[in-house]
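Reader: I would like to learn how to read a structural model feature by feature, with the general idea stated before each case. Could we take it slowly?

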Amino acid sequence: MPQQVIRKNSDDWELIPNLLDYDAAREHFSWEHELEMLDGLPGGGLNIAHEAVDRHAADERHNHLALRWLDRNGRATDFTYGDLCALTNRFANVLRDLGVAKGDRVFGLSERVPELYITALGALKNGSVFCPLFSAFGPEPLRSRLSIGEARVLMTTESLYQRKVAPLRDSLPHLQYVLLVRDKTDAECPHGTLDFRALLQSAAESFTIENTDPEDPALLHFTSGTTGKPKGALHVHEAVLAHHASARLALDLHPQDVFWCTADPGWVTGTSYGIIAPLVIGATMIVDREEFDPERWYGILRDQHVSVWYTAPTAVRMMMKHGSALARQFELPALRFMASVGEPLNPEAVRWGEEAFGLPFHDNWWQTETGGIMIANYLSQPVRPGSMGRPLPGIEAAIVSAGDDGKLEVITEAGREGELALKRGWPSMFRTYLYEEARYQKCFRDGWYLTGDLARCDEDGYFWFVGRADDVIKSSGHLIGPFEVESALMEHPAVAEAAVIGIPDPVAGEIVKGFVSLRPDVDATSKAAVETLRREILALARKRLGPAVAPRQIQVENDLPRTRSGKIMRRLLKARELGLPEGDTSTLEGKE
Amino acid sequence: MTEAELRSRALEKLLQVAPDIDPDALDPQVPIRDQYDFDSMDFLNFAIALAKEFQLNIPESDYPHLQSLQDTVDYLVRHTGEQDVSS
């Protein structure tokens with residue numbers, strides 16, 4: 001096992017870490033105690049938005065900077081906790097005035113603009129369920145998610161609406177209100193939409209938060225499985241306990257910190273840690289409207305005095321390509337902790353952090369279903385580069401395997417591979433897959449949640465990621481379901497069959513590669529004809545799915561490996577592609 | 001190589017990465033990502049494809065000069081000029 005441990009020196013710490021002694025922190029941790037650190041609603045309930053915004057607005061943090069938003073030119077717009085309280089009250093009133101009720105689903109589809117944050121928190125105040133959608137999704141992922149989630153309200157921008165949603169509108173019978181953030185306000189809103197800002201302006205500024213129960217649904221996040229439709233993982237207001245605990249312990253967030261999570265709220269990290277967790281702590285969060293650009297990012301770290309930074313392996317590897325010299329041109333005296341999530345951060349990238357910023361990246365692990373960070377490397381603790389770290393206080397993790405009798409065996413032997421599992425019952429655990437209870441129940445056995453990730457645990461309790469137990473692809477930290485991509489490829493009239501796998505990529509971890517076989521009547525005699533078709537198919541996939549989900553490569557392959565029952569074997573395709581042993585092929589037909 | 005040739009070859013590389021782009025509708029003056037869903041991985045692949053096509057070393061620090069098709073053509077004019085007089 002590679003063991004170049006990065007040790008920590010307490011002289012380097014500007015603040016006393018929230019987690020000083022790992023074993024003691026685990027021993028003394030309780031969720032009851034975590035709840036005591038929060039406020040609760042006057043009526044006895046629990047509401048994420050109250051803990052994130054209103055409780056700070058009601059005390060001496062009223063004028064503390066909660067959110068600093070940077071526009072494309074880097075100009076800042078500031079929102080104090082008091083401002084956020086008033087704006088989210090207004091949005092909650094907008095929803096209430098429209099008759100949007102507790103439990104109704106409010107979706108957000110937008111670039112990172114302030115209205116997205118107001119929508120998320122205002123919806124929670126109203127007791128509605130907030131669901132973020134990634135703005136670079138194509139129409140097909142949007143249609144399936146809006147449809148499965150029975151979106152009643154959608155907040156989006158005028159251009160995204162026109163490009164992606166308007167053509168789908170007829171297929172979304174539940175979608176009653178579309179609230180548009182518009183650049184031009186002189187013209188009328190497109191048919192069937194309302195003006196977000198006008199509604200906000202005319203709404204009342206005081207609001208009594210819906211007295212939500214800790215078990216009331218709050219957040220809906222879609223994720224992908226190997227087969228079938230996207231799954232809507234539903235989280236409840238009690239998740240805020242885990243947001244609070246993990247922000248304190250895994251990210252070492254203090255109220256005086258300036259925190260920047262670079263993830264987009266369209267993915268779970270960007271909601272749990274890009275909206276909720278820093279506000280629950282009472283810190284200042286930075287939101288940047290723009291996409292990745294190393295000089296811009298280093299400038300933000302410097303100019304905004306970012307002290308805690310949470311980013312992703314793909315971004316780290318892109319920064320590495322630009323070299324550490326560029327990073328070192330920026331003096332970053334405020335920066336004291338850096339963390340990363342998405343897929344395993346390779347040891348070189350962890351150490352590159354030290355070279356470029358004088359700090360290692362701290363990798364951590366969690367999933368859409370877990371709602372918050374479960375396993376982490378901590379500020380006060382040694383880092384083992386390449387390891388996801390150790391379970392958070394309050395979280396029990398293990399490596400398991402299914403025994404011959406179907407019973408789950410907990411593997412205690414250090415270094416043996418198995419499936420990573422978590423003891424069920426932590427507050428941010430998902431409570432169902434929307435309308436797919438059977439699929440939800442299949443994730444649990446003998447009191448353990450089975451994560452679908454293969455891992456091992458070393459003799460000191462550090463966990464190491466090995467791979468996925470299924471065919472789901474992890475690209476730039478996002479899970480992509482092969483079925484969703486294959487379905488889009490199949491829409492091209494020339495395609496007979498499609499199979500999609502992930503292939504290793506030095507920047508994105510994995511990229512999506514699609515294999516298609518062509519219908520017999522399709523002209524594929526010349527190289528040029530095949531190339532034209534290949535591009536057409538790729539273009540279609542990108543239009544339907546958006547670049548984050550669509551294949552980056554497509555190969556025409558008329559002999560896809562299949563089982564005797566006719567099912568395409570993605571695993572074998574992957575082995576072939578990577579030149580790996582093909583394993584047991586006894587159920588295989590087709591190629592020799 | 002003329003500017004028109006550079007433009008056509010650069011566009012071809014762009015379409016190789018993102019064939020969903022309609023070359024007739026693309027505004028060469030406007031950043032590509034403002035007109036299409038074109039993410040940072042696409043951008044990286046575009047830069048790598050250009051470097052290969054024109055046998056250039058395009059350092060990452062030059063990526064901001066490749067945001068629109070016209071930016072890209074201007075960049076190529078500046079960086080391929082000398083080689084191409086002789087070719």
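**Domains, helices and loops**

Author: Chain A is divided into domain 1 (10-455) and domain 2 (473-589), and throughout we should keep in mind that this is a predicted model.

Reader: How far apart do the C-alpha centres of domain 1 of chain A and domain 2 of chain A lie, and how many residues of each are in contact?

Author: As a general idea, the size of an interface is often given as the accessible area lost when the parts come together. Here we have a separation and residue counts: the C-alpha centres of domain 1 of chain A and domain 2 of chain A are 32 Å apart, and 23 residues of domain 1 of chain A are in contact with 22 residues of domain 2 of chain A. On the side of domain 1 of chain A that touches domain 2 of chain A, the elements giving two or more residues are α6 and α12 (313-322) of chain A, and α12(A) gives the most, with four residues. By class, that side of domain 1 of chain A has eleven nonpolar, nine polar and three charged residues.

Reader: How many residues does each chain give to the contact between chain A and chain B?

Author: Chain B gives 13 residues to this contact and chain A gives 18 residues. The side of chain B that touches chain A is made up of five nonpolar, three polar and five charged residues.

Reader: How do I read a pair of packed helices, and at what angle do the axes of α3 and α5 of chain A cross?

Author: Two packed helices are described by the angle between their axes and the distance between the axes. For helix α3 (residues 48-57) and helix α5 (residues 114-125) of chain A, the axes come within 8 Å and cross at roughly 115°, and the crossing in which α3(A) passes α5(A) is left-handed. From α3(A), the residues A:I48, A:A49, A:A52 and A:V53 meet A:L121, A:L124 and A:K125 of α5(A). This contact of α3(A) with α5(A) is formed by six nonpolar residues, no polar ones and one charged residue.

Reader: Which residues of helix α7 of chain A are buried, and where do they lie around the axis?

Author: In helix α7 (residues 158-165) of chain A, the buried residues are A:L160, A:Y161, A:K164 and A:V165. These residues lie on the same side of α7(A) because they cover an arc of only 105° around the axis. The buried residues of α7(A) pack against β3 (105-109), α6 (139-148), β5 (153-157) and β6 (177-181) of chain A.

Reader: What should I look for in phi, and which loop holds A:D252?

Author: Most residues other than glycine have a negative phi, and most peptide bonds are trans. A:D252 has a phi near 55°, a positive value in a residue other than glycine, and is found in the loop between α9 (240-249) and β10 (258-261) of chain A. A:H305, which is not a glycine either, has a positive phi of about 55° and is found in the loop between α11 (294-303) and β12 (308-311) of chain A.

Reader: Is A:D252 buried or exposed?

Author: A:D252 counts as buried because it has 23 C-beta neighbours inside 10 Å, whereas A:H305, with 15 C-beta neighbours inside 10 Å, counts as partly exposed.

How values were computed
Residues are numbered from 1 along each chain as its sequence is written. Chains are lettered from A and ligands numbered from 1 in the order in which they are written. This is a predicted model: local features need pLDDT of at least 70, side-chain atom pairs count only at pLDDT 80 or more; totals for chains, interfaces and linings use all residues. Two residues are in contact if their C-beta atoms, placed from the backbone, lie within 7 Å. Ala, Val, Leu, Ile, Met, Phe, Trp, Tyr, Cys and Pro count as nonpolar, Asp, Glu, Lys and Arg as charged, and the others, Gly among them, as polar. A residue is buried if 20 or more other C-beta atoms lie within 10 Å of its own, exposed if 12 or fewer, and partly exposed in between; C-beta atoms are placed from the backbone. The arc is that of the directions from the helix axis to the C-beta atoms. Domain bounds come from an automatic or database domain assignment. Axes are lines fitted to C-alpha atoms, for helices over the stretch in contact, and angles run from 0 to 180 degrees between N-to-C directions. A crossing is left-handed if the near helix is turned anticlockwise from the far one by less than a right angle, and right-handed if clockwise.
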